[in-house]
Amino acid sequence: MGFLLSKSMDANLKKQQEFMLHNARLQMERQILMQNQMRERQMAMQIAWSREFLKYFGTFFSVSSLGLTVGAIKKRKPGLLGPIVPLGFVFAYQLDMAYGTFIHRMREEAASIMASESDRLDLPLGTPTFESIEKARRAKNTLATFLEK
């Protein structure tokens, strides 16, 4: 009788373990999808910000370039055209960020770094572990209780 009960309990335990593993996988998949959606939204906001900034900076660059060119011609001072060069570089950079291939080049460079220079990505003191986090939490709690006294 005990053998049959034990066999039944083992079967139930195995089913429960499989169910828990399935739930853990589902939860992880959902978490990965959620994190990816958040990353995509943040990137979209960054691109939108770049495009909005480009509108304002483009207007500033156009008015400044026109004013400096007119001033250089009227006063016969070619030195007034000097600020157009660095402003042009900033404008080109912003234009590339907003509408160009900047994001694609950054992604390719990041992939290259991850593939061939992964040692640069190592965290100081290594990847956090449960033990290191708990140690820090306990130290913080000890400090908080010490300060309260």
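Contact here means heavy atoms within 4.5 Å. Keep in mind that this is a predicted model, where local features need pLDDT of at least 70 and side-chain atom pairs count only at pLDDT 80 or more, while totals for chains, interfaces and linings use all residues. Residues are numbered from 1 along each chain as its sequence is written, and side-chain values use heavy atoms, with hydrogens and water left out.

**Exercise 1. Find out which residues Q94 touches, leaving aside its neighbours within four places in sequence.**

Step 1: locate the residue. Q94 sits in helix α2, which covers residues 84–99. Helices here are DSSP runs of H or I with at least four residues, strands are runs of E with at least two, and both are numbered from the N terminus.

Step 2: list the partners. With those neighbours set aside, Q94 is in contact with S50, F53 and L54.

Step 3: check the burial. Q94 has a relative accessible area of 9%, so it is buried. The cut-offs are under 20% for buried, over 50% for exposed and partly exposed in between, using a 1.4 Å probe and protein chains only.

**Exercise 2. Describe the overall build of the chain.**

Step 1: count the elements. You get 4 helices and 0 strands, in the order α-α-α-α from the N terminus on.

Step 2: try the globule rule. The radius of gyration is taken over C-alpha atoms, and the rule is 2.2 Å times the number of residues to the power 0.38. A compact globule of 149 residues would come out near 15 Å, but this chain has 30 Å.

Step 3: box it. Along the principal axes, the C-alpha atoms fill roughly 110 × 45 × 30 Å.

Step 4: look at burial and contacts. Buried residues make up 11% of the 149. Among contacts with a separation of 6 or more, 57% come from residues 24 or more positions apart.

**Exercise 3. Pick out residues with a positive phi that are not glycine, and place them.**

Step 1: recall the background. Most residues other than glycine have a negative phi.

Step 2: take R76. Its phi is about 55 degrees, and R76 lies in the loop between α1 (2–75) and α2. R76 is exposed, at a relative accessible area of 75%.

Step 3: take L125. Here phi is near 70 degrees. L125 belongs to the loop between α3 and α4, and it counts as exposed at 91% relative accessibility.

**Exercise 4. Compare sequence and space separations for two residue pairs.**

Step 1: D122 and A136 are 14 residues apart in sequence and 20 Å apart in space, C-alpha to C-alpha. D122 is in the loop between α3 (102–116) and α4 (130–148), and is exposed at 57% relative accessible area.

Step 2: R107 and S62 are 45 residues apart in sequence, with 31 Å between their C-alpha atoms. R107 is part of helix α3 and counts as partly exposed, at 47% relative accessibility.

**Exercise 5. Where in the chain is confidence lowest, and where is it highest?**

Step 1: get the average. pLDDT is the predictor's confidence in each residue, from 0 to 100. The chain averages 90, and 92% of the residues score at least 70.

Step 2: go element by element. The lowest mean, 79, belongs to α4, and the highest, 95, to helix α2.
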